[in-house]
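Please open the structure in your viewer and keep the selection tool at hand. We will go from stop to stop, choosing a few residues each time and looking at what surrounds them.

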Amino acid sequence: MNKQNAQLYLLRWLIRRKRMYEVACGCIYSFREKQFFHIFFLMENPTVLIIDDEKDIRKLLAKTLEYEEYTVFTAENAKNGLTLLKNQDVEVVICDVKLPGVSGIDLIEQIREISPETEIISLTAYGNIPDGIQAMKNGAFDYLVKGDDNDRLIPILRQAAEKARLKFRIKTLEARILRKYGFDQILGKSGPILSAVHLAQKVSPSDTTVLLTGPTGTGKEVFAHAIHAGSKRKNGPFVAINCGAIARDLLESEMFGHKAGAFTGAISPKKGLFEVASGGTIFLDEIGELNMDLQAKMLRVLESGSFFKVGETRETQVNVRIIAATNRNLEQECEAGNFREDLFYRLSVFQIQLPSLNERKEDIPLLAEFFTAEFATKTGKRIKNVSSEWIQALKKHNWKGNIRELRNVIERAVILCETDTLTPDLLPMEFNHQHPGISSGIFRLDEVEKKHIQQVLTFTGGNKTRAAELLGIGLTTLYRKIEGYGI
């Protein structure tokens, strides 16, 4: 089929599509039915780039696709097409396999480098089907023969656009996960925290076992999440387990699973968390709390990637990366005979020491701003400012609980705040020696406690159960204090 016949065929096809749409719309009377038909018949607006050196073909294709509610870009050569692709999010490229100066088949690789999510449909001349087949081998979604495959254009384009949109959605979700769990979530500009982040970023892409050490409350789980999100396992599960928070007689079953009947109450078989995490990362917090039996089992997992479930005689194989954390000095624990030396060396292949908050006090203003915004949003309060006295009081404090303690102090202050500014009088009593803004009459401990309970009850609207939870005391204790203070 020559060029003129191909153009006439395309034009006739376009006229048939237009008539079919008009006839169908003429049979639909209600606005809702027309709206539904338009969405169903015409798709959303995907973006398409047409690269073809023949001007008439470009115009006909563009006119056809624009009528079908596609957003269309055109380019007469490969250079212009690639430039446009760098500046626009394009879901589908329709590309001629014969272009001046470059083969459309070779162009596929360059398009993939610029935009891996974009799908490519190759256009071949009549009698050159092998070019189309080679294009698909190079990564094209499909190929069309000019003039012969006009009826296939829209169905193939729709499929390619759907596949591209799915890949773009996955890319967007991955970006959101990185924003939520990635290294950007680790706040701080001080030397110690930047050094720890640098090490974590270096080890993240590998499968190397990582040991996070440092005082409690320094953000070890945040680091573990970031390492996982930056690894090739990021699409796999991330499973966290606190080895010190589960009863020792249950911990083995939780970690490795059990078969039915392995012990009293084991009615059905259960997967352990190592099996659940296979293909991803398992974070073992407080690894120093493991007893010797479980340490031996852990060593086997590190060495062979296999273990026996409780009561099972067959090994279970897993593919999992281990990130462990502890606030203990494991070398001293090894010397004291509380921790296996061979396990310690397997865990500490790559060790990262996280700094305490007292070592990075220059980061306190940044952390305080972040936590204030977080809790103000949660509580629906409009807190616009923090006083300089407030920041100075935070900086002078000895943070034994590190970032976790800072977070809790700010949450409490936001709850108590009745203005748009956080001030030192909203801090707990242990901060009072650091600032002079204490009015006379509240030095007595009972008066301070009474005032604090009154403020929390005001915040909860008189809900005593919620107030007890926020105060960290039992409901009976709260009732006793209310009665004693005459609140």
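What follows is a short tour that begins with the whole chain and then moves to single sites.

**The whole chain**

Keep in mind from the start that this is a predicted model. Show the chain as a cartoon, and you can follow a secondary structure of 20 helices and 18 strands. Of the 487 residues, 45% count as buried, and among the contacts with a separation of 6 or more, 69% are between residues that lie 24 or more positions apart.

**Two crossing helices**

Select helix α15 (residues 364-379) together with helix α17 (residues 402-416), whose axes come within 9 Å and cross at roughly 45 degrees. That angle makes α15 oblique to α17, and the crossing is right-handed. If you display side chains here, the residues that make the contact include Leu367, Phe371 and Phe375 of α15, and Leu406, Ile410 and Val414 of α17.

Now pick Arg407 and Glu374, which form a salt bridge with their closest N and O atoms 2.8 Å apart. Arg407 belongs to α17 and Glu374 to α15, so that this pair, 33 residues apart, links distant parts of the chain. Arg407 is partly exposed, because its relative accessible area is 28%.

**A salt-bridge network**

Next select Asp207, Lys232 and Arg233, which are linked in a network of salt bridges. Between Lys232 and Asp207 the closest N and O atoms are 4.0 Å apart. Lys232 sits in the loop between α9 and β9 and Asp207 in the loop between α8 and β8, so the pair ties together parts that are 25 residues apart in sequence. Lys232 counts as exposed at 62% relative accessibility, whereas Asp207, at 36%, counts as partly exposed.

**A buried arginine**

Go on to Arg58 in helix α3 (residues 55-67). Which side chain of opposite charge is nearest to Arg58? It is Glu76, at 4.8 Å, and Arg58, although buried, has no salt bridge. Leaving aside neighbours within four places in sequence, Arg58 is in contact with several residues, among them Ile50, Asp52, Asp53 and Thr74.

**A buried alanine in a loop**

Finish at Ala277, in the loop between α11 and β12. Is Ala277 buried or exposed? With 0% relative accessibility, Ala277 counts as buried. Add Val320 to the selection: the two C-alpha atoms are separated by 6.3 Å, while the residues are 43 apart along the chain. Beyond the neighbours within four places in sequence, the contacts of Ala277 include Pro237, Val239 and Asn319.

Key:
Residues are numbered from 1 along each chain as its sequence is written. This is a predicted model: local features need pLDDT of at least 70, side-chain atom pairs count only at pLDDT 80 or more; totals for chains, interfaces and linings use all residues. Side-chain values use heavy atoms; hydrogens and water are left out. Helices (H or I, at least four residues) and strands (E, at least two) are DSSP runs, numbered from the N terminus. Buried means under 20% relative accessible area, exposed over 50%, partly exposed in between (1.4 Å probe, protein chains only). Lys and Arg count as positive and Asp and Glu as negative; His and the chain ends are not counted. Contact means heavy atoms within 4.5 Å. Axes are lines fitted to C-alpha atoms, for helices over the stretch in contact, and angles run from 0 to 180 degrees between N-to-C directions. Angles under 35 degrees count as roughly parallel, over 145 as roughly antiparallel, 65 to 115 as roughly perpendicular and the rest as oblique. A crossing is left-handed if the near helix is turned anticlockwise from the far one by less than a right angle, and right-handed if clockwise.
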